[in-house]
Amino acid sequence: MALSMLSTSAVHNGMLFLKPSPSFLSKGHMRSCQESIFADPNHAVNGPLFVNLCATSTDPQHDAFSATSALQPDHMRKLLLRSHGRCCSVDTNKSSVSIGNKFQLDDIIESQQFDRDILNDIFEVVLEMERIEKNSSRRKILRGYLMATLFYEPSTRTRLSFESAMKRLGGEVLTTENAREFSSAAKGETLEDTIRTVEGYADIIVLRHFESGAARRAASTASIPIINAGDGPGQHPTQALLDVYTIKREIGRLDGITLGLVGDLANGRTVRSLAYLIAKYQNIKIYFVSPDVVKMKDDIKDYLTSMGVGWEESTDLLEVASKCDVVYQTRIQRERFGERIDLYEAARGKYIVDGKVLDVVPKHAVIMHPLPRLDEITVDVDSDPRAAYFRQAKNGLYIRMALLKLLLLGW
């Protein structure tokens, strides 16, 4: 193993301890050292390789570093950079991705990152955040931390809930709402350069972008946590987390539920992310109800099939609604149609949740919507106790409080 600036210290109980040399302590050296490790063709072990980084500093900004994680290049680099080069070890035996109080994930990019155990643990932290939010003497556990919100697309709920979450936990916010027009992106600056610049000002970045995959690009560039707040028609993982949490709170369970996903399923990053996440649970059935021009794409259907999730396509909203525990309505997104306004007009208004739908929805069921809505849910539905979409939006605050706490401080 070529470790250039790292020296092997000892092997104990399957853990290979690596001792950083003084020259390893700068970010530039840590980055080049990490890259040299992965460039070494002789670097191989039997089974998964894991890295543990332990902060020994008494600096309160760094007292939460303790992690064991799969040795992937981007992940390893972030751990090295975030640990400031302190004592590190490689575990060749453990299959867990966490140790101590370090959160398992460096970034929140897509729903596929989560498993049931992580979700259950996150939801426990969410309950703690609900208690903190309701307590007038809120714990300021993120005092001294700065969050930057970079939004290249419009947002109300996501941006404000993240900013509220940070402030309710004692942190501060740097924000730009229309970064596509009012940031250096308008001058031609690349996303990567923007991220490299902004990470020098903040401890965590929340990014919304118009291109699918932008959050992954940002995460591969940054040495601080990146949260995907929606990347074009790609994914919106924090929305999926709050959706699943809402279903659990409203219905009382996640296994064995039936969902009707309605509206713009081709461009809807919320329903795509929800499909990925709900597939972690057992005995799930999904109905897709949408105009032909915005039907759910094959990648999601194939994924659900591979996970053993039953799904059907239907054109009859009333029939589907009568079978569902959750009717999840979405907006037909004009901004995704480009110049084909004719296709947008043909799709809009075809499926509407109104009094007729309420008449067939089971009494225990809920109606959800990621918002904003136009006319796809009539306002008279709002007063029905099964209308959960504003409670759903409030849950976004608690989910995002939990994620900020976990990414910055750990468990």
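Trainee: In what order do the 4 strands of the open sheet stand, and is the pairing parallel or antiparallel?

Mentor: Keep in mind that this is a predicted model. To read a sheet, go across it strand by strand and compare directions. Here the order is β7-β6-β8-β9, and the pairing is parallel.

Trainee: Which are the edge strands?

Mentor: Look for strands that pair on one side only. In this sheet they are β7, residues 172-176, and β9, residues 226-231. From one strand to the next, the twist averages 15°.

Trainee: How many bridges join β6 to β8?

Mentor: Strand β6 covers residues 146-151 and strand β8 covers residues 204-209; they run parallel and are joined by 5 bridges. For a landmark, find Leu150, which stands opposite Leu207 in β8.

Trainee: Which strands does helix α7 touch, and what angle does its direction make with that of β9?

Mentor: Helix α7, residues 214-221, packs on the sheet and touches β8 and β9. The angle between its direction and that of β9 is about 165°.

Trainee: Where does Ala214 lie, and is it buried or exposed?

Mentor: Ala214 lies in helix α7. The relative accessible area of Ala214 is 0%, so it counts as buried.

Trainee: With which residues is Ala214 in contact, leaving aside its neighbours within four places in sequence?

Mentor: The contacts of Ala214 on that basis are Leu191, Leu207, His209 and Asp231. Leu207 is also the residue that Leu150 stands opposite. Distance along the chain and distance in space are separate readings: Ala214 and Gly230 are 16 residues apart in sequence, and their C-alpha atoms are 9.1 Å apart.

Trainee: What should I check in backbone angles?

Mentor: Start from the usual case. Most peptide bonds are trans, and most residues other than glycine have a negative phi. Then look for departures from it.

Trainee: Which peptide bond here is cis?

Mentor: The bond from Leu371 to Pro372 is cis, with omega near 5°. Pro372 is found in the loop between β14, residues 366-368, and α14. Leu371 lies in that loop between β14 and α14 too, and its phi is positive, near 65°.

Trainee: Is Leu371 buried or exposed?

Mentor: Leu371 has a relative accessible area of 13% and is therefore buried.

Trainee: Where is Asn283, and what is its phi?

Mentor: Asn283 sits in the loop between α9, residues 269-278, and β11, residues 285-289. Its phi is positive, near 55°. With a relative accessible area of 66%, Asn283 is exposed.

Trainee: What span does helix α14 reach, and how many of its residues are buried?

Mentor: To judge a helix, set its end-to-end span against the span expected at 1.5 Å a residue. Helix α14, residues 389-409, has 21 residues and reaches 30 Å from its first C-alpha to its last, close to the 30 Å expected. The helix is mostly covered, with 16 of its 21 residues buried. Gly410 follows α14 and has a positive phi, near 90°.

Trainee: How many cavities of 30 Å³ or more does a search of the whole structure find?

Mentor: The search finds 3. The largest has a volume of about 100 Å³.

Trainee: Which residues lie nearest the centre of the largest cavity?

Mentor: Of the 14 residues that line it, those nearest the centre are Ile332, Arg348, Gly349, Tyr351 and Glu376.

Conventions:
Residues are numbered from 1 along each chain as its sequence is written. This is a predicted model: local features need pLDDT of at least 70, side-chain atom pairs count only at pLDDT 80 or more; totals for chains, interfaces and linings use all residues. Side-chain values use heavy atoms; hydrogens and water are left out. Helices (H or I, at least four residues) and strands (E, at least two) are DSSP runs, numbered from the N terminus. The expected span of a helix is 1.5 Å times one less than its number of residues. Buried means under 20% relative accessible area, exposed over 50%, partly exposed in between (1.4 Å probe, protein chains only). Two strands pair if DSSP finds at least two bridges between them. Axes are lines fitted to C-alpha atoms, for helices over the stretch in contact, and angles run from 0 to 180 degrees between N-to-C directions. Contact means heavy atoms within 4.5 Å. On a 1 Å grid over the protein atoms alone, a cavity is a set of points where a 1.4 Å probe fits but cannot get out, and a pocket is an open set with protein on both sides within 12 Å along at least five of seven lines; lining residues have an atom within 4 Å of a point. Grid points are joined across faces, edges and corners, and a volume is the space filled by probe spheres set on the points.
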